[in-house]
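Hi,

Here is the structure I promised to pass on. Have a look at it first, and then read my notes below.

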Amino acid sequence: MIALTSTNLTSTSPLLHPNLSSSSLIFPSNSSLSFNSSSVTSPSKLRIRCTATKPAKSPAAEEEWKIKRELLLEKRVRSVDVKEALRLQKENNFVILDVRPEAEFKEAHPPGAINAQIYRLIKEWTAWDIARRAAFAFFGIFSGTEENPEFLKTVESKLDKDSKIIVACTSGGTMRPSQNLPEGKQSRSLIAAYLLVLNGYTNVFHLDGGLYIWFKEGLPVVSEE
């Protein structure tokens, strides 16, 4: 994960976004940035000046992955593979909640899936947002994302608290410990599952392997394009 601090460019553990991709980079939400591209010679030289205070982050942003994982295990959030997810969807009225960006969802998703993006493209044009866009562009990323403040509201408009939900993203992540990842690996779907159980949803599952495996296995897919 790449984060921008008040002094230079550093690597840090993810808060909300688990992976840096071609369309995602996370910046601290408690400060604003001033960006002078002419003074930048390499990523390590990138300098940022703090100029304002941003609103407090959501609980998901404040909690470390270890704490999120403990809650997911305590609430018995279960991981299921793609074939089990398809069976549960067909036979037990489970709903697949796809938390990828809307554009990715429209391109391809499991039939009957519901979209509620946990991240969205940066929308505003405040000084803070312009600075973030500039910083993204410095790394060749022209469609940066930010936490979607409407995520829970969107879910609540579509699914009751007792709905049977399988949360899915691209990579899936895992709660299973391994030698290299003793706490597993967080992902957008696990962060979304954490937010759901934190807000009273009681039947939350997680798609192990993510939609990448769903598509790779040739399971049913529909498109809205």
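How much of the protein chain do buried residues make up? Of its 225 residues, 45% are buried. Please keep in mind that this is a predicted model.

To get your bearings, start with the secondary structure: the protein chain has eight helices and nine strands. If you look at contacts between residues at least 6 apart in sequence, 71% of them join residues at least 24 apart.

Next, the inside. The largest nonpolar core has 28 residues, and L72 and L97 are the ones with the most contacts inside it. Five names are worth marking on your screen, since these elements each give two or more residues to that core: α2 (65-74), β4 (95-98), α6 (151-158), β8 (164-168) and α7 (188-198). The largest share comes from α7, with eight residues. There is also a second core, separate from that one, with 16 residues, including L86, F94, L207 and L219.

L72 is a good residue to click on. Leaving out residues up to four places away in sequence, L72 touches W65, V77, M175, L190, A193, Y194 and V197.

Then there is the pair α6 and α7, which I enjoyed looking at. In general, two packed helices are described by the angle between their axes and the distance between the axes. Here α6 and α7 pack at an angle of about 70°, and their axes are 11 Å apart. Angles of 65 to 115 degrees count as roughly perpendicular, so α6 and α7 are roughly perpendicular to each other. Their crossing is right-handed. On the α6 side the contact is made by F151, L152 and V155, and on the α7 side by A192, L195 and L196. Sorted by class, the contact of α6 with α7 has six nonpolar residues, with no polar and no charged ones.

One last spot: E150, in the loop between β7 (145-147) and α6. Is E150 buried, exposed or something in between? Buried means under 20% relative accessible area and exposed means over 50%; E150 has 36%, so E150 is partly exposed. E150 and I118 are 32 residues apart along the chain, and their C-alpha atoms are separated by 8.3 Å.

That's it from me. Shout if anything is unclear.

Cheers

Note on methods. Residues numbered from 1 in each chain as written. Predicted model: local features only at pLDDT ≥ 70, side-chain atom pairs only at ≥ 80, totals over all residues. Heavy atoms only, no water. Core = buried A, V, L, I, M, F, W, Y, C linked by side-chain atoms within 4.5 Å. Buried < 20%, exposed > 50% of the residue type's maximum accessible area, 1.4 Å probe, protein only. Helix = DSSP H or I, 4+ residues; strand = E, 2+ residues; numbered from the N terminus. Contact = heavy atoms within 4.5 Å. Axes fitted to C-alpha atoms, helices over the stretch in contact; angles between N-to-C directions. Parallel < 35°, antiparallel > 145°, perpendicular 65-115°, else oblique. Left-handed = near helix turned anticlockwise from the far one by under 90°. Nonpolar A, V, L, I, M, F, W, Y, C, P; charged D, E, K, R; others polar.
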